[in-house]
Amino acid sequence: MTTVLLLGFGGREHALGRALAASAETLHVAPGNPGLAGLGTLHDIDACDPEAVVALARQAGADLVVVGPEAPLVAGVADAVREAGIDCFGPSAAAARLEGSKAFAKDVMRAAGVPTADARVCETPEQAAAALDAFGPPYVVKNDGLAAGKGVVVTTDRDAALAHAAACGRVVVEEFLDGPEVSLFAVCDGTTAVPLLPAQDFKRVGDGDAGPNTGGMGAYCPLPWAPDDLAAEVMAQVVDPTLAEMRRRGTPFTGLLYAGLALTSRGMRVVEFNARFGDPETQAVLALLATPLAPVLLAAARGELAELPPLAWRDGAAVVVVEAASGYPGTPVLGGSVELPADVSDAWTIQAGTGLADGQLVASGGRVLGVVGLGEDLEAARERAYAHLSQVRFPDGFHRTDIGVPH
């Protein structure tokens with residue numbers, strides 16, 4: 001149907017690559033990882049270099065460029081691709097500030113009337129200390145800029161919260177939100193937005209939500225405990241008002257808007273926005289999407305989402321369990337050998353932090369793999385994910401054993 005250039009190299013891009021390869025005529029990936037190599041043609045370029053991306057898109061004859069990671073978006077890659085006359089799924093640098101700056105996102109939410117945690121932007125340690133004392137524990141301190149999913153500290157230790165604020169410089173200190181967290185992705189074309197299935201991820205490194213925050217140790221969808229109208233509520237209270245405010249500012253948002261939400265005792269609140277698909281929820285959500293993905297993203301890039309029929313979803317549930325390298329989320333042990341079982345129809349492996357050394361698959365990052373299981377219900381999907389994971393040979397790895405247990 002179309003030729004797609006996908007930028008990125010991690011787990012979310014491997015999951016996107018699987019979906020795009022099934023619905024596009026040709027797939028190119030830059031820079032890619034060993035998992036993506038089996039889906040399309042890899043190109044070794046800097047995904048944050050707008051000129052290099054445009055040159056590759058022209059060379060490949062790309063009809064659509066899909067920007068996976070946040071860094072190229074903030075660097076203006078989507079702007080350059082559009083200026084070259086090529087359709088692009090991903091927000092402009094100005095719109096990507098919804099992820100690139102926590103303070104900017106808070107300002108947009110306030111202007112749009114989007115429910116979120118009360119917060120203060122702090123430039124100095126003294127301001128951070130005053131904000132911490134005003135909100136009280138548990139303390140929530142967020143790096144204002146991009147931090148690869150590792151810029152947030154939630155702790156009852158005031159000294160640790162202050163240390164994080166001092167290390168980051170400009171931070172957002174906000175009130176702690178109680179209640180379960182939910183992730184909702186919305187495909188946006190600047191005016192129209194289409195929600196994907198709500199999902200829940202597991203941020204803490206250890207079973208029972210013990211230990212420090214990570215980029216995510218697993219996820220599942222759908223959410224059997226959530227209200228049936230949750231997605232509609234999020235669209236009405238969060239996504240649509242945010243898109244309207246971004247249009248009002250002259251920076252319409254075209255791409256994937258991720259809303260991280262807390263369902264608190266006082267109602268739904270936005271924890272954060274991201275401007276792209278997120279790990280590991282993407283791996284679970286796309287596993288259940290029956291509608292071909294490439295035409296949906298192309299319609300969004302062209303401002304034509306309103307013309308598409310509703311998305312179709314497979315029955316059942318999906319669970320993804322992250323296998324991480326020892327030491328994660330601190331300093332991971334890299335270079336360990338990884339052996340994978342063959343993918344099957346109801347369970348497969350997504351490669352994230354992987355590379356090749358002398359032809360051997362090895363760990364090259366903190367979160368190395370995502371193992372996806374499908375089932376007729378959540379428990380069956382969990383069983384298949386963990387059964388498949390038991391066949392992975394990665395001596396340096398570890399994982400949580402309670403992914404898919406609602407929390």
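**Exercise 1.** In this predicted model, determine which residues Valine 238 touches, not counting residues up to four places away in sequence, and place Val238 within the largest nonpolar core.

*Solution.* Once residues up to four places away in sequence are set aside, the partners of Valine 238 are Val114, Glu233, Ala259, Leu261, Met268, Val270 and Phe273. The next step is the core itself, which has 70 residues, and Val238 belongs to the group that touches the most other members, together with Leu5, Leu7, Val65, Leu98 and Phe273. Helix α10, residues 230–248, supplies the largest share of this core, namely 8 residues. Apart from this core lies another one of 45 residues, including Leu20, Leu197, Val285 and Val320.

**Exercise 2.** Describe how helix α7 (residues 102–112) packs on α10, and work out which residues make the contact.

*Solution.* The axes of α7 and α10 are 9 Å apart and form an angle of about 105 degrees, so the two helices are roughly perpendicular to each other. From α7 the contact takes Phe104, Val108, Ala111 and Ala112, while α10 contributes Pro241, Thr242, Glu245 and Met246. Sorted by class, this contact has 6 nonpolar, 1 polar and 1 charged residues.

**Exercise 3.** Carry out the analysis for helix α1 (residues 11–21) and helix α12 (residues 293–301).

*Solution.* Here the angle is about 100 degrees and the axes lie 7 Å apart, and α1 and α12 are therefore roughly perpendicular to each other. Leu16, Ala19 and Leu20 of α1 meet Leu293, Ala294 and Leu297 of α12, and a sorting by class gives 6 nonpolar, no polar and no charged residues.

Methods:
Residues numbered from 1 in each chain as written. Predicted model: local features only at pLDDT ≥ 70, side-chain atom pairs only at ≥ 80, totals over all residues. Heavy atoms only, no water. Core = buried A, V, L, I, M, F, W, Y, C linked by side-chain atoms within 4.5 Å. Buried < 20%, exposed > 50% of the residue type's maximum accessible area, 1.4 Å probe, protein only. Helix = DSSP H or I, 4+ residues; strand = E, 2+ residues; numbered from the N terminus. Contact = heavy atoms within 4.5 Å. Axes fitted to C-alpha atoms, helices over the stretch in contact; angles between N-to-C directions. Parallel < 35°, antiparallel > 145°, perpendicular 65-115°, else oblique. Nonpolar A, V, L, I, M, F, W, Y, C, P; charged D, E, K, R; others polar.
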